[in-house]
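Biologist: Can you put the model up? I have a few things to ask about the strands, and then some other topics.

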Amino acid sequence: MNRLRSSSGMAKAVVLVCAALLTGCGHSEKAQVAPPVKVPVMPVSMTRPDGRLSFSGTVESAETSMLSFSVPGTITDFYVEEGQRVAKGQVLARVRSDSYVNAGNIADAELAEARDAYARLKKLHDADALPEIKWVEVQNKLKQAENAAEMSRRAVTDATLHAPVSGVVSRKLAGVGQTVIAAEPVLELVTVSDIRITISVPESEIGAIAEGQAATVGFKSLGIDSLSGRVVRKSVVADPLTRAYTVKIAIPTADGRILPGMVGDVAVASVASADLSATAAEVLLPSQSVLLDSDNRTFVWVVDGGKAARRFVKADALASGGVIVSEGLSAGDSVIVAGMRKVGTGSPVSVEIQGAYGAE
């Protein structure tokens, strides 16, 4: 009887221990489940509404002038600052002109002397009392004196730098007290009455753009949603590194608010004959979202069923605003664009939609 009681007690103890272990295991498993990582994603859009091609571009002036003095010297005055608007003919800077003024005074005195000699000897020449060789000599001396005086006056004038056109001073390349040589740039002047926005177009899409096409440009920083532009130049040679072509679009100045260097969003209406299906697989992604693994394979992180998954892609070229991915993604894919270091394969994620990205 005692043996039976002992066996029954041991059995109960084993059951209790197993129950405790099972309960503990259950709690342990729950503790190991990590909370979802909140990551921003951008849904991939493979369609272009209304057949438009979208790019990011940079504003530049249609005319940029590097200004310099025609004579060497030490800069004594600068009358403008960077960002200042100037009018055509306005004085911008000066170099020390004392030596040029002195040289001009000497040249003027020599010219006066040559003219006086010419006037006196002309009377003798008219009276046939002067040898012809002497008359030729006095004529040559007068011409040389006139040329020397003209050069001296020009040197004095060239010691002052004037604006050749109206525009904005974009850069000062020298300072007061600096000695410069002739033709050394000291100022950069850009015109703001004629501006353009430059975009880089992948080789797979350049065929859908032609000179004269209409374009729409927006500047979020200025609160400008839509400006009408027109393609005025399309390069025929691709950049050797990016394999992209440069396209320039003329746009209005918006009362002078748009300045060179600003970044805008450009939508170009595709030519009717362009076959856009050939580029439907291309997506423009932020550069930070495209990564390399240890084998130098390009990949991105996507959200698949609420979890992070590594997706190998083909990244063909760089473009304004990111990296062009031509293979590996499909319409509707959600690409993680930030916080990639927080995730791994199978990591549960909580997505934060940031808007469609790609060819919109």
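Biologist: Which residue in strand 10 stands opposite Val168?
Modeller: Val190 does. This is a predicted model, to be clear. Val168 belongs to strand 8, residues 167-172, and strand 10 covers residues 185-190.

Biologist: How many bridges join strand 8 to strand 10, and in what sense do they run?
Modeller: There are four bridges, and the two strands run antiparallel.

Biologist: What sheet are they part of, and in what order do the strands come?
Modeller: An open sheet of four strands, ordered 3-10-8-5, with antiparallel pairing.

Biologist: Which strands stand at the edges?
Modeller: Strand 3 (64-68) and strand 5 (85-86). Each has a single partner strand, so one side of each has no neighbour in the sheet.

Biologist: How many bridges join strand 5 to strand 8?
Modeller: Two bridges, again with the strands running antiparallel. Val86 is opposite Gly167 of strand 8 there.

Biologist: Moving on. How do strand 12 and strand 13 pair?
Modeller: Antiparallel, over five bridges, with strand 12 at residues 214-219 and strand 13 at residues 224-234. Ala214 has Arg230 in strand 13 as its bridge partner.

Biologist: What lies between those two strands?
Modeller: Four residues, and the strands form a hairpin. In the turn, Gly223 has a positive phi of about 75°.

Biologist: And how does strand 13 pair with strand 14?
Modeller: In the antiparallel sense over four bridges, strand 14 being residues 244-251. Lys248 in strand 14 stands opposite Arg233.

Biologist: Different topic: what lines the second largest pocket?
Modeller: The lining is Glu113, Ala114, Ala117, Leu121, Lys134, Glu137, Val138, Lys141 and Ala145. Helix 2 (98-126) and helix 3 (132-158) are the elements that give two or more residues to it.

Biologist: Which helix gives the most?
Modeller: Helix 3, with five residues.

Biologist: How does the lining divide by residue type, and how much space is in there?
Modeller: Five of the lining residues are nonpolar, four are charged and none is polar. The space in this pocket is about 170 Å³.

Biologist: How many aromatic pairs did you get?
Modeller: The count is three. One of them is Phe299 with Phe312.

Biologist: Why is the pair of Phe299 and Phe312 put down as edge-to-face?
Modeller: Their ring planes are at 65°, and over 60 degrees counts as edge-to-face, so the pair gets that label. The ring centres are 6.2 Å apart.

Biologist: Where do the two rings sit in the chain?
Modeller: Phe299 is in strand 18 (residues 298-304) and Phe312 in strand 19 (residues 307-312). They are 13 residues apart, and the pair links distant parts of the chain.

Biologist: Last topic, confidence. What does the chain average?
Modeller: A pLDDT of 81, with 80% of the residues scoring at least 70. Over residues 1-7 the pLDDT is below 50, and that stretch has zero contacts in the model beyond near neighbours in sequence.

Biologist: What about residues 355-360?
Modeller: The pLDDT stays under 50 there as well, but the model has 28 contacts for residues 355-360 beyond four places in sequence. Where pLDDT is low, predicted coordinates should not be read in detail.

Terms used:
Residues are numbered from 1 along each chain as its sequence is written. This is a predicted model: local features need pLDDT of at least 70, side-chain atom pairs count only at pLDDT 80 or more; totals for chains, interfaces and linings use all residues. Side-chain values use heavy atoms; hydrogens and water are left out. On a 1 Å grid over the protein atoms alone, a cavity is a set of points where a 1.4 Å probe fits but cannot get out, and a pocket is an open set with protein on both sides within 12 Å along at least five of seven lines; lining residues have an atom within 4 Å of a point. Grid points are joined across faces, edges and corners, and a volume is the space filled by probe spheres set on the points. Ala, Val, Leu, Ile, Met, Phe, Trp, Tyr, Cys and Pro count as nonpolar, Asp, Glu, Lys and Arg as charged, and the others, Gly among them, as polar. Two strands pair if DSSP finds at least two bridges between them. pLDDT is the predictor's confidence in each residue, from 0 to 100. Contact means heavy atoms within 4.5 Å. Rings of Phe, Tyr and Trp (its six-membered ring) pair if their centres lie within 6.5 Å; planes under 30 degrees apart count as stacked, over 60 as edge-to-face and the rest as tilted.
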